[in-house]
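Q: I would like to learn how to read the overall features of a protein model before turning to a single residue. Could you take me through one?

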Amino acid sequence: MRDRDEDGRARNARPRDGLGRPLPYGTPGEPRAPEGVVRTSGDTLTQAQELLDAGRPFHAHEVFEDAWKSGPPETRELWRGLAQLAVGLTHAARGNGTGARTLLDRGAGHVEAAAGVAAGFGVDGRALARWARAVDVADVGPVPRLVG
């Protein structure tokens, strides 16, 4: 049986740890951002950066995913790429170097392709893509600021 929301869409209600790994039902987990929240682009970037700075890339991915799914078509490639970068960081933190490299490279491609849109939000998409392609997944270190 799958967890469903009131509209019948599949939702995983299992608690998760700080890196998004599912925990057994009834186990205390990390607070999760509600899904499907429509935010401004600025709020999306601010909230995701705060989560990245706090070492919670899985949760940042959820914020980017909301923007990807709810934003106008011309911004979707940027949000998709940023979500993939956050998932790549999640894999790196979990010790999955192969998954991390794949998602960081994939996300870099989308962010670079959306560099013009990114610039409109104060994000240097090309620099972020270069960082993602060059970062050592075994030792990511600090994540660059998305804005400014």
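A: What follows goes from the whole chain to one residue, and the model is a predicted one.

Q: Which secondary structure elements does the chain have, and what pattern do they follow along the sequence?

A: One begins by counting helices and strands: the chain here has six helices and zero strands, so that reading along the sequence gives the pattern α-α-α-α-α-α.

Q: How does the radius of gyration of the chain compare with that of a compact globule?

A: The idea is to set the value against what the chain length would suggest: for 148 residues a compact globule would have a radius near 15 Å, and the chain, with 15 Å, agrees with this. Along the principal axes, its C-alpha atoms fill a box of roughly 40 × 35 × 25 Å.

Q: What share of the residues counts as buried, and what supplies the exposed area?

A: Of the 148 residues, 41% count as buried, while the chain exposes about 7,800 Å², of which carbon and sulfur atoms supply 52%.

Q: How many positive and negative side chains are there, and how far apart do the centres of the two sets lie?

A: The chain has 20 positive and 20 negative side chains, and the centres of these sets lie 4 Å apart.

Q: Is Gln-49 buried or exposed, and where is it found?

A: Gln-49 is found in helix H1, which covers residues 41–53, and because its relative accessibility is 3%, under the 20% cut-off, Gln-49 counts as buried.

Q: Which residues is Gln-49 in contact with, leaving aside its neighbours within four places in sequence?

A: With those neighbours left aside, Gln-49 is in contact with Pro-144, Arg-145 and Leu-146.

How values were computed. Residues numbered from 1 in each chain as written. Predicted model: local features only at pLDDT ≥ 70, side-chain atom pairs only at ≥ 80, totals over all residues. Heavy atoms only, no water. Helix = DSSP H or I, 4+ residues; strand = E, 2+ residues; numbered from the N terminus. Rg over C-alpha atoms; globule rule 2.2 N^0.38 Å. Buried < 20%, exposed > 50% of the residue type's maximum accessible area, 1.4 Å probe, protein only. Areas by Shrake-Rupley, 256 points an atom, 1.4 Å probe, with all protein chains shown as cover. Lys, Arg positive; Asp, Glu negative; His and termini not counted. Charge placed at Lys NZ, Arg CZ, Asp CG, Glu CD. Contact = heavy atoms within 4.5 Å.
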